[in-house]
Amino acid sequence: MADRFFPNEMPDYIPETHSASASASADSLTRLLHLPLKTLSDRLNTDALAIKDTVVKESWLGLGKRVRDFSLYTGAMGIAFLLFKAYQVTGDKTDLALSSRIIQACQAASRGSRRVTFICGEAGVCALGAVVAHHTGDENLCQHYISQFKEIKLPPDLPDELLYGRAGFLWACSFLNKHVGPNTVSSTRTRAVVDEIIRSGRQMGKENCPLMYQWHEKRYWGAAHGIAGIMNALMDVELKPDEAEDVKGTLRYMIKHRFPSGNYPSSEGNETDKLIHWCHGAPGVALTMVKAAKVFQGEEFLQAAIDAGDVVWNRGLLKRVGICHGISGNAYVFLSLYQLTGKPEYLYRAKAFACFLHDRAQTLMSEGIMHKGDRPYSLFEGIGGMASLFLDMTEPSQAKFPAYEL
Ligand SMILES: [Zn+2]
């Protein structure tokens, strides 16, 4: 089990007031851990912008500006997302313009795709397209994307999970309503999707777990394909009281049946306690519990989020860099806990994971000790995700896990 992650030998906490006190003889990682946030985030920002340029060079220019994979997960929309995030941090309109051009290419490539979600489908292209157009001031283009979004039809046999299913479409609706304006997608449309998700979950639910779902014949628990991701999308929209109770009941079931270690099974009945990923395991569940603590104000969800965060600190220094199943994604758990609790210990933990990546990831990858990801430049599996994290360290109180936290 230990070979999936590096033992976390970093100090549990270094207060910001003790920053800049590491001795000159300390190793480079220790010196980074002692840097004040502003100094560190400036360095991370420089690193992020260099990575962003590499991602553009390798995955856009290097492919002749052609889109083979349009998804946010491993493809061109991930580059557009990263460019948009860079623009939000630096105000560099060149990045905004390139993001817009890439999204237009993605729209052509996604036409006719049966994928409908934010992360893997057409909804992501139209939703991010509309938001980026809104920022460029091109309201005609913004309206074009919104009208294309409204044309998306959900096949009746669609699963419910986040990457390919209804929850992933619902999240795109919430993203548009937050970033373009309330009711950009009507409540009639979102309500119809919520009704379907609730109906489907109740069919498979049981007395102590009101909502349950299946994808590829497995009852997944995690953020990417399972109940954590579906509950997360539901909590972004207005629920009826009985639906909210079912969401709470389902989350309580997960807390009650988590592993003794505090980690969460990847699927119902799976007793292998090994995955500490956003997609499967404690990190994705932690983000969902943070959301639940905010929406339902429940102490039990706050405690569950804190417990899951401890698992991520102890076992989440993965031998991969991305946000789906890598250190970058796991660092977002601490940013989310920091935003919820205001405790500087969580900001430190996010800094620590970011410092580890900044100090060591490129070397460890070149030595083959860390895995580069199957799509090494992508947002979810590769260094694109690391750049996203580094950019988010500029304003930790505003950081959001891409395509998961609104
Ligand atoms: Zn993953």
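Student: What does the secondary structure of the protein come to, in helices and strands?

Tutor: The protein has 15 helices and zero strands. Both are DSSP runs numbered from the N terminus: H or I over at least four residues for a helix, E over at least two for a strand. This is a predicted model, in which local features need pLDDT of at least 70 and side-chain atom pairs count only at pLDDT 80 or more, while totals for chains, interfaces and linings use all residues. Residues are numbered from 1 along each chain as its sequence is written.

Student: What makes the protein as compact as a globular protein of that length?

Tutor: The globule rule is 2.2 Å times the number of residues to the power 0.38, and the radius of gyration is taken over C-alpha atoms. For 406 residues the rule gives 22 Å, and the radius of gyration of the protein is 20 Å, close to that value, so the protein is as compact as a globular protein of that length.

Student: How do you know that the length of α5 agrees with its number of residues?

Tutor: The expected span of a helix is 1.5 Å times one less than its number of residues. Helix α5 (residues 122–136) has 15 residues and should span 21 Å; its end C-alpha atoms are 21 Å apart, which agrees. G137, with a positive phi near 85 degrees, follows α5.

Student: Why is α7 called mostly covered?

Tutor: A residue is buried if 20 or more other C-beta atoms lie within 10 Å of its own, exposed if 12 or fewer, and partly exposed in between, with C-beta atoms placed from the backbone. In α7, eleven of the 14 residues are buried, including F169, W171 and F175. The buried residues of α7 pack against α5, α6 (139–151), α8 (187–204) and α9 (227–234). Helix α5 is mostly covered too, with 13 of its 15 residues buried.

Student: Why is α11 called roughly parallel to α13?

Tutor: Axes are lines fitted to C-alpha atoms, for helices over the stretch in contact, and angles run from 0 to 180 degrees between N-to-C directions. The axes of α11 (residues 282–296) and α13 (residues 327–341) come within 9 Å and cross at roughly 15 degrees. That makes α11 roughly parallel to α13, because angles under 35 degrees count as roughly parallel, over 145 as roughly antiparallel, 65 to 115 as roughly perpendicular and the rest as oblique.

Student: Which residues of α11 and α13 meet?

Tutor: Among them are P283, L287 and V290 in α11, and G329, V333 and L337 in α13. Two residues are in contact if their C-beta atoms, placed from the backbone, lie within 7 Å.
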